[in-house]
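Colleague: I should be grateful for a close look at a single part of this chain, namely the surroundings of one buried stretch and the contacts that hold it in place. Please set the account within the chain as a whole.

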Amino acid sequence: MANLNKCMVVAGILGAGWLIYLLAPILTPFVAGALVAYLSDPLADRLESLGLKRQNAVIVVFAVIIFAISLVLLLIIPMLEEQINRFIDNLPAYSRWFRATVIPWAQKHLGIRIKFVDLEQLAGMLSAHWQQAGGVATTVLSSLSRSGAVVISWLMNLVLIPVVIFYLLRDWDVIVAQVNGLLPRRWAPDITMLAAESDEVLSAVFRGQFAVMAALGTIYSVGLWLVGLDLALLIGMFSGLISFIPYAGSISGVVAASIAALTQFGDLWSVVPVLAVFGVGQMLEGVWLTPWLVGNKIGLHPVAVIFAVLAGGQLFGFLGVLLALPVASVIMVLMRHIHSLYKSSDLYGDDVSGEDSESLGDRS
């Protein structure tokens, strides 16, 4: 009977995984809504503890979410669009700097020939298409208008995500209690313990790491703006967004900002303030931001993070990218407990080696 139960559990897990794989194209709005509801549930619980009814607390949280999204759309996107226009305008200058500086240095010191792409021609093509498209919003809308199926899919997502967020957030505690009530009573304590530890790790991944990313994006953008860099917001926000991979954000930001500074100011000393900005950002991340907002709860190796994101995208597309870090974090929690069970088992313990040594002594 025990073996039958184990087989049923394994079959259920495999069946659920196969079902998720089959339904991946339509699961994105539900997963996105569930992630936002999960992130927002502590705030709703806090408002509920202050005396608001659950539905009123959810309405307040929902209004805050809509306000935050609207603020980003109204403020950040136009600024990013202006930065993209400036980047396209600066491509010819980047082309001339690369041709006059990088290629001769590489040929002289490294003995290699670089086949150079004409960035001036590329800049002209990009500028023509960008102006014809009319910017970010118009580009998105024009690309959507070419396919009725894509338009319907986007509209469905725009409608579904807020609905999923609202109803999941309203019934979150009820759903958790019902799921807990369905657990086999014999396994319930262990599963509850694993769920609590997974929740702690996921909280660090989402609330903590996203806060670190936003903080670093702001620090880099403001610092580069104070330096006087034209592409401060574009480079700073991009560096912050990919900072969940250790050192990837700072390295890519230093390279991009250094090239932009050399092209804009034409002086090697202009790189020094750029290095100072990213040095301060890295110091604040290591000393203050990560210990305060994330702590040591995640523990995912940088290579594991990269593999998880790439594997998720390869298997499930954008849905896989959304699920990559949370799934990897939960797997890490399970692996910790499997490792603990293995270290305390007879397979690893001294008893087995003792028995082996006794048997070898008997043979001799």
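Modeller: The account below begins with the chain as a whole, turns to the requested part, and then follows its contacts outward.

The model is predicted. The chain contains 13 helices and zero strands, so the order of elements from the N terminus on reads α-α-α-α-α-α-α-α-α-α-α-α-α. Of its 364 residues, 27% count as buried. Among contacts between residues at least 6 apart in sequence, 70% join residues at least 24 apart.

The part chosen for the close look is the stretch of helix α1 that holds Y38, S40 and D41. Helix α1 spans residues 2-49 and includes S40; D41 has its place in helix α1 too, and Y38 also lies there. S40 is buried, with a relative accessible area of 9%. D41, at 9% relative accessibility, counts as buried because the limit is under 20%. Y38 is counted as buried at 13% relative accessibility.

The polar atoms of this stretch may be taken in turn. A polar atom of the S40 side chain lies 2.8 Å from the backbone oxygen of V36. The side chain of D41, for its part, makes a polar contact with the side chain of R54, at 2.8 Å. Helix α2 comprises residues 54-109, so the partner of D41, R54, stands at the start of that helix.

The wider contacts of the two residues come next. Not counting residues up to four places away in sequence, S40 touches V61, I65 and L169. With neighbours within four places left aside, D41 is in contact with R54, L169, W172 and D173. L169 therefore appears in the list for S40 and in the list for D41. Helix α5 covers residues 148-170 and helix α6 covers residues 172-182.

W172, a contact of D41, also takes part in the aromatic arrangement. The count of aromatic pairs comes to four. One of them is formed by Y38 and W172, a tilted pair with 6.1 Å centre to centre and 50° between the planes. Since Y38 belongs to helix α1 and W172 to helix α6, this pair ties together parts that are 134 residues apart in sequence. A further pair, F62 with F166, is edge-to-face, with 5.9 Å centre to centre and 85° between the planes. F62 lies in helix α2 and F166 in helix α5, so the pair ties together parts that are 104 residues apart in sequence. F166 is buried, its relative accessible area being 18%. F62, F166 and Y167 form one aromatic cluster.

Helix α2 can now be followed along its length to another contact. Two packed helices are described by the angle between their axes and the distance between the axes. Helix α2 and helix α9 (residues 248-265) pack at an angle of about 95°, with their axes 10 Å apart. The two are therefore roughly perpendicular to each other. A93, Y94 and W97 of α2 and I259, A260, L262 and T263 of α9 make the contact. These residues divide into six nonpolar, one polar and no charged.

Y94, placed in helix α2, deserves separate mention. Y94 counts as buried at 9% relative accessibility. The C-alpha atoms of Y94 and Q264 are separated by 8.9 Å, although the two residues are 170 residues apart along the chain.

Helix α9 leads in turn to helix α10, where V274 has its place. V274 counts as buried, at 0% relative accessibility. Leaving out residues up to four places away in sequence, V274 touches L224, V254, A257, S258 and A261. The C-alpha atoms of V274 and A260, which are 14 residues apart along the chain, are separated by 9.9 Å.

Helix α8 (residues 232-241) completes the picture. In α8 the residues A232, L233, I235, G236, S239 and G240 are buried. These buried residues pack against α2, α7 (188-227), α9 and α10 (271-293).

To return to the part requested: S40 and D41 are buried in helix α1, D41 makes its polar contact with R54, and Y38 pairs with W172 of helix α6.

Key:
Residues are numbered from 1 along each chain as its sequence is written. This is a predicted model: local features need pLDDT of at least 70, side-chain atom pairs count only at pLDDT 80 or more; totals for chains, interfaces and linings use all residues. Side-chain values use heavy atoms; hydrogens and water are left out. Helices (H or I, at least four residues) and strands (E, at least two) are DSSP runs, numbered from the N terminus. Buried means under 20% relative accessible area, exposed over 50%, partly exposed in between (1.4 Å probe, protein chains only). A polar contact is a pair of N or O atoms within 3.5 Å; within protein, one must be able to donate a hydrogen and the other to accept it, and residues adjacent in sequence count only if both atoms are side-chain atoms. Contact means heavy atoms within 4.5 Å. Axes are lines fitted to C-alpha atoms, for helices over the stretch in contact, and angles run from 0 to 180 degrees between N-to-C directions. Angles under 35 degrees count as roughly parallel, over 145 as roughly antiparallel, 65 to 115 as roughly perpendicular and the rest as oblique. Ala, Val, Leu, Ile, Met, Phe, Trp, Tyr, Cys and Pro count as nonpolar, Asp, Glu, Lys and Arg as charged, and the others, Gly among them, as polar. Rings of Phe, Tyr and Trp (its six-membered ring) pair if their centres lie within 6.5 Å; planes under 30 degrees apart count as stacked, over 60 as edge-to-face and the rest as tilted.
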